Amino acid sequence: MPAVTTGKVLVTGANGYIAVWVVKSLLDAGFAVRGTVRSESKATHLRNTFKSFGDKLEIVVVEDITKEGAFDAYVKDVDAIAHTASPFHMHAIEPEEMIGPAVQGTLGVLRSAQAHAPHVRRVIVLSSTAAVWRPNTGTDTLVLDESSWNETEVAECRERGREASAMAKYRASKTLAERAAWDFVEKNKASLGWDLVVLNPPYVFGPNLHEVDRPENLGSSMRDWYLNVIEGRLDNDAVVNLGAGWVDVRDIAQAHVLALLKSEAGGNRFIITPGAYKWQDWLSVTHRVEPSLPEGNPHYDPSKAKHVLKYKNSKAVGILGIKFRSLEETAKDTVQDIKARGWLK
């Protein structure tokens with residue numbers, strides 16, 4: 001499909017941590033945005049945040065994204081769709097509590113786009129490296145690319161049911177929702193006027209633009225960041241041994257824009273990450289920026305850090321042309337945001 005360089009983009013779940021930055025990036029790039037939220041009360045902050053864009057932003061209420069036809073009325077005049085709405089919590093008892101809404105929400109958007117969106121040329125689905133992950137059974141760093149799928153935790157949920165780990169339930173929901181999207185496109189490709197792009201970020205950190213009143217109400221990734229970096233909850237061994245992949249929230253937002261602007265992005269999934277971290281990497285920067293913050297382990301040598309798992313980003317860099325913020329920039333901007341909110345004790 002040709003690139004989508006102008007027009008209106010539907011953003012589902014527009015009040016979420018990542019989604020608000022997606023809305024901002026699209027508006028900054030000249031697109032008009034129609035955002036969906038679950039209730040009118042969640043619309044006020046978005047309208048206030050982006051009031052300078054006037055009628056370029058429209059907010060509509062979709063109470064239940066899993067309801068059949070939930071998006072039908074809102075796709076008719078848009079040129080692209082960014083589907084970011086998906087459950088992310090660790091409280092599910094049965095796996096289906098996570099998997100069902102994730103899969104049905106994604107398929108609902110795609111069915112609406114198929115039947116009621118004559119102008120749509122591209123649909124972007126925000127997935128996760130949760131759908132790419134697999135366990136490292138060796139001693140060397142495991143490096144994964146877009147060809148990898150998380151079959152391990154899908155199987156765990158199928159075999160263990162409610163006894164599956166909370167993380168397995170979440171990761172399985174992301175895996176099966178993304179699988180469902182690709183399967184839908186494959187089965188219906190003859191009748192579709194649009195193509196699919198999937199973005200797979202790992203842990204997402206960075207400043208908050210969405211409505212959040214206190215640290216306890218931060219999203220899962222940023223709540224971990226706050227507890228581990230600002231409050232120093234990890235011991236000296238944990239900070240140098242625990243870590244994962246990461247990306248700045250503003251970069252995953254910009255990836256949505258690039259996925260529209262690059263015609264060759266169509267039909268691809270992209271891992272969106274600058275690399276891996278240990279928690280001490282964040283502590284070292286934030287302590288320099290704000291000496292009152294925890295120092296962590298002063299004996300940490302980042303050159304000797306061993307990562308269990310890394311994700312390749314060459315596809316995103318090569319096709320999307322994305323340029324990633326450094327860990328230092330993300331850390332400094334996040335501390336500044338937290339200070340401005342009065343959350344530093």
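**Exercise 1. Determine the volume of the largest cavity in this predicted model, and identify which residues and elements line that cavity.**

Solution. Begin with the volume, which for the largest cavity comes to about 80 Å³. Next, turn to the wall: 13 residues line the largest cavity, and those that lie nearest its centre are S86, T106, L126, K174 and A177. Then assign the lining to secondary structure, where α3 (96–116), β5 (122–126) and α5 (166–188) are each found to supply at least two residues. Of the elements, α5 gives the most to this lining, with four residues. Finally, sort the lining of the largest cavity by class, which yields five nonpolar, six polar and two charged residues.

**Exercise 2. Describe how α3 and α5 pack against each other, giving the angle, the handedness and the residues in contact.**

Solution. As a general starting point, two packed helices are described by the angle between their axes and by the distance between those axes. For α3 and α5, the axes come within 8 Å and cross at roughly 25°. Angles under 35 degrees count as roughly parallel, and α3 and α5 are therefore roughly parallel to each other. The sense of the crossing of these two helices is right-handed. On the α3 side, the contact is made by M98, I99, A102, V103, T106, L107, L110, R111 and Q114, while α5 contributes K169, Y170, A172, S173, L176, A177, A180, A181, F184 and N188. Divided by class, the residues of the contact of α3 with α5 are 13 nonpolar, four polar and two charged. To link this result with the preceding exercise, note that T106 of α3 and A177 of α5 belong to this contact, and that T106 and A177 are also among the residues nearest the centre of the largest cavity.

**Exercise 3. State how many cavities of 30 Å³ or more the structure holds, and characterise the second largest cavity.**

Solution. The count comes to two cavities of 30 Å³ or more, and the second largest cavity has a volume of about 30 Å³. Its lining is made up of G245, T273, G275, A276, L309, K310 and Y311. When these residues are assigned to elements, β11 (275–278) and β12 (309–311) each supply at least two of them, and the largest share, three residues, comes from β12. By class, the lining of the second largest cavity comprises three nonpolar, three polar and one charged residues.

**Exercise 4. Give the volume of the second largest pocket and analyse the lining of that pocket.**

Solution. The space in the second largest pocket amounts to about 170 Å³. Around that space, the lining consists of Y203, D224, N228, L234, L242, G243, A244, Y277 and W279. The elements that give two or more residues to this lining are α6 (220–230) and β9 (243–248). Sorted by class, the lining of the second largest pocket has six nonpolar, two polar and one charged residues.

**Exercise 5. Classify the packing of α9 (residues 279–289) with α11 (residues 327–340), and name the residues that meet.**

Solution. The axes of α9 and α11 come within 9 Å and cross at roughly 55°; the two helices are therefore oblique to each other. As for handedness, α9 passes α11 in a right-handed crossing. In the contact, D281, W282, V285, T286, R288 and V289 of α9 meet L327, E328, T330, A331, K332 and V335 of α11. The class count for the contact of α9 with α11 is six nonpolar, two polar and four charged residues.

Notes:
Residues numbered from 1 in each chain as written. Predicted model: local features only at pLDDT ≥ 70, side-chain atom pairs only at ≥ 80, totals over all residues. Heavy atoms only, no water. Axes fitted to C-alpha atoms, helices over the stretch in contact; angles between N-to-C directions. Parallel < 35°, antiparallel > 145°, perpendicular 65-115°, else oblique. Left-handed = near helix turned anticlockwise from the far one by under 90°. Contact = heavy atoms within 4.5 Å. Nonpolar A, V, L, I, M, F, W, Y, C, P; charged D, E, K, R; others polar. 1 Å grid on protein atoms, 1.4 Å probe; cavity = no way out; pocket = protein on both sides within 12 Å on 5 of 7 lines; lining within 4 Å. Points joined across faces, edges and corners; volume = space filled by probe spheres on them.
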